[in-house]
Each structure stands twice: as C-alpha cells, then as structure tokens.
Amino acid sequence: MKYGPMFDRIDLHLIRVLHTVLTERSVSRSAIKLGMYQPAVSAALKKLRELAGDPLLVRSGSGMVPTEAALRMIEPAAAILRSAEVLFSDARAFDPATASHTFSLAASDYLDPFFLPQLVTQVKAAAPNCVIDIHPLSRDADYRTHLAQGAVDVVIGNWTQPPDDLHLGRLFGDEVVCLVANHHPAVRRGWDEAAWLAAEHIAPTPTHPGARGFIDDHLASLGLARRISARCPHFGLIPAMVAGSLLVLTTGRQYCERYVGGLPVTILTPPVAFPRMMYYQLWHERTHASNAARWLREQIKSVAASLRAPEAQRAAA
C-alpha cells in the first residue's frame, strides 16, 4: 500500500489524543480528560504533527485553535473512535457490573433537581467501573452536532416541538406553575392575566441567540409577552433569587415543589393556561443499536418514572 509505512505509525490511542486535543483546544484540558500526564499528551501531539505535516493546533490570543486541516480531521477521527467502540463493546452484550465505559450526556437544569443526582447514583451502583460525563445544555451547546459527532450519547430536556431528525423517548410531562416568595403580593391578592404579565419575571438565559423557551413560545402563540426583568444561566440558583425578591419563576410543578419548605416560597397557578411541559431524551442513529447506550437510556427512563411517582399519587388523591 502506498501509505502502509505511515499507517504502521498510527494507533487508536493517537487517534483518541488527536480528537480530544482538537475538540478541547488545550493540551492541559486534554490531559485531564484522557487521564494522562501533560508531557505525554504533548509528545503525542508532536508525533501527530509530524504525521500530518501540519501544526494542527496553533495559538490565537490567549488560547489555541485548530488549523483548517485539523478541523477537517475532527469528524473522521470521531468516526474511527465510534467504529472501534462498536467493534469491541457491542460485539457482546453489555454487562454493567464489569463494563468499563464512558457515558456522556447533556441535560437541561430545568429538570427536577433530584434527577441527575439519582441517575448518577443508580448508574454507579449498577456499573461501578463506568465513567459518567455530564454536560450542560448552554447557549453554546449545539446538541445535534454533539450527538452526531459522538461528544454525547443522550440529550435530556424539554422542547415544545422535539427535533424530528433524532430518536426520541418521552420521559414525563409536568404542569406549569409559578414560584414566588411568600411575601409576594399575588399570594394575598391573587392576579389576573394583565397583572401576571406585568409582574417581574425571571427566566433562564436562552440556550442560543433568539431562543425564547417553552413559556415564551407559548405566550407568543397567544399574542402575549411577559415582562422579564432578570435572566440567569444557572437554573438551580433561581429559586433562591425568587425567595428574596418579587420575581416570578414560571416552570414545571415538579421542579418548584422541591424548593417549597426549604425556602420561603410558594406555588401559584398562572392566570394563563399552558400545555404541559414535556421532557424527552434524544439520541442519534449512531447509538440507536448500541447495547451500552441502550442500557443508559433505560436507566434514564427508570429514574424519570421514579421521580414522577409523587405526581401520580397526587393526581390519584
């Protein structure tokens, strides 16, 4: 073969270093993610540069950026790593008790605050040698690309209209309510639609420019808009902000109920009718038949069902 001698110098470990360095854009962060010493990653990068005849990663300001040639190598490197994983791990049944696998998922923090802690506990109890890598669904997160390239196995969140180009599993639905401080005037006086829209609302920072989110998408469909006077990218901090102010948080009841009792807050019904918030897990075709990924999706479904049980009990009562 024309390229035989060069191929003899490439192994799967080098491909893994290549993909990690190009996606992390940092030798030090790559070393942490790979569980390697930084000099070893630097040595591997030097070898990769020699093989490619290209610097691959160059300095830009205070950081590093891939060269054009390196950018073209990211997806082929990811494809090689995915194929190798399927070749060896999915050739046999997935045994969580003995498996050594890295599960990677991205999740919205609009979820029940107990969801991720319980999921990690359940996965680690059944698969003690597996690693769980959790990513936020931030304004910089392109979850479609991350799923396609293998950066994440599953994305968990709520969408008014889930994307139709990905596999989808329904987790649970939740009633939309408002969380306010106990001293909020609406607790004593109530509110109508106009008063609610004019109140000071707090909302999560949009996941991408122009995004409105479930609540504001529905209001827009009714020709309405609320007054948002605060935004925060950290959803878990919002209830404490509500407790000490006149801000109104509108989201799922299951989320809000976790804070009632622990904070001086109460739940009110919004004067605008909302459909139920639906939560899903999404995954790409590349992991659809994977035994390991299928097992992870079953754990996610199981945890969602266990957390949904109190709501079902309330409805029955």
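A residue counts as exposed when its relative accessible area is over 50%, and as buried when that area is under 20%. Anything in between is partly exposed. Keep those cut-offs at hand for this tour of a predicted model.

**Stop 1: Ala93**

Select Ala93. This residue sits in the loop between α5 and β3, the strand of residues 102-107. Is Ala93 buried or exposed? Its relative accessibility is 64%, over the 50% cut-off, so Ala93 counts as exposed. Now add Ser290 to your selection. Ala93 and Ser290 are 197 residues apart along the chain, yet 9.6 Å separates their C-alpha atoms.

**Stop 2: the whole protein**

Zoom out and colour by secondary structure. You should find 13 helices and twelve strands. The protein has 317 residues, and 42% of them count as buried. Next, think about contacts between residues with a separation of 6 or more. Residues 24 or more positions apart account for 76% of those contacts. The pair from Stop 1, Ala93 and Ser290, is 197 residues apart along the chain.

**Stop 3: α2 against α3**

Select residues 12-24 for α2 and residues 27-34 for α3. The two axes come within 8 Å and cross at roughly 130°. That angle makes α2 oblique to α3. The crossing of α2 past α3 is right-handed.

Show side chains at the contact. From α2, pick Arg16, Val17, Thr20, Val21 and Glu24. From α3, pick Arg29, Ser30, Lys33 and Leu34. How many of these contact residues are charged? Four are charged, while three are nonpolar and two are polar.

**Stop 4: Arg25**

Step into the loop between α2 and α3, where Arg25 lies. Check its backbone. Most residues other than glycine have a negative phi. Arg25 is not a glycine, yet its phi is positive, near 55°. Its relative accessibility is 36%, which falls between the two cut-offs, so Arg25 counts as partly exposed.

**Stop 5: α3 against α4**

Keep α3 and add α4, residues 38-52. Here the axes come within 9 Å, with a crossing of roughly 110°. α3 and α4 are therefore roughly perpendicular to each other. α3 passes α4 in a right-handed crossing.

Which residues make this contact? On the α3 side they are Val27, Ser28, Ser30, Ala31 and Leu34. On the α4 side they are Gln38, Val41, Ser42 and Leu45. Sort them by type: five are nonpolar, four are polar and none is charged. Ser30 and Leu34 deserve a second click. They take part in the contact of α3 with α4, and they also belong to the contact of α2 with α3.

**Stop 6: Leu56**

Move on to the loop between α4 and β1, the strand of residues 57-60, and select Leu56. What is the phi of Leu56? It is about 65°, a positive value in a residue that is not a glycine. Turn on the surface. Leu56 has a relative accessible area of 0%, so Leu56 is buried.

**Stop 7: Ala84**

Select helix α5, residues 68-89, and pick out Ala84 within that helix. With a relative accessibility of 13%, under the 20% cut-off, Ala84 counts as buried. Add Leu12 as a partner. The C-alpha atoms of Ala84 and Leu12 are 8.3 Å apart, across 72 residues of chain.

**Stop 8: Asn129**

Select Asn129 in the loop between α6 (115-126) and β4 (131-136). Its relative accessibility of 45% makes Asn129 partly exposed. Which residues does Asn129 touch, leaving aside its neighbours within four places in sequence? They are Ala97, Thr98, Ala99, Ser100 and His101. Draw a distance from Asn129 to His101. Their C-alpha atoms are separated by 7.3 Å, and the two residues are 28 apart along the chain.

**Stop 9: the cysteines**

End with sulfur. A disulfide is a covalent bond between the sulfur atoms of two cysteines. How many disulfides does a search of the whole structure find? The search finds zero. Take Cys178, which is in no disulfide. The nearest cysteine sulfur belongs to Cys256 and is 8.0 Å away. A disulfide needs the two sulfurs within 2.5 Å. Cys178 counts as buried, because its relative accessibility is 0%. Finish with Cys232: this residue also counts as buried, at 6% relative accessibility.

Definitions and conventions
Residues are numbered from 1 along each chain as its sequence is written. This is a predicted model: local features need pLDDT of at least 70, side-chain atom pairs count only at pLDDT 80 or more; totals for chains, interfaces and linings use all residues. Side-chain values use heavy atoms; hydrogens and water are left out. Buried means under 20% relative accessible area, exposed over 50%, partly exposed in between (1.4 Å probe, protein chains only). Axes are lines fitted to C-alpha atoms, for helices over the stretch in contact, and angles run from 0 to 180 degrees between N-to-C directions. Helices (H or I, at least four residues) and strands (E, at least two) are DSSP runs, numbered from the N terminus. Angles under 35 degrees count as roughly parallel, over 145 as roughly antiparallel, 65 to 115 as roughly perpendicular and the rest as oblique. A crossing is left-handed if the near helix is turned anticlockwise from the far one by less than a right angle, and right-handed if clockwise. Contact means heavy atoms within 4.5 Å. Ala, Val, Leu, Ile, Met, Phe, Trp, Tyr, Cys and Pro count as nonpolar, Asp, Glu, Lys and Arg as charged, and the others, Gly among them, as polar.
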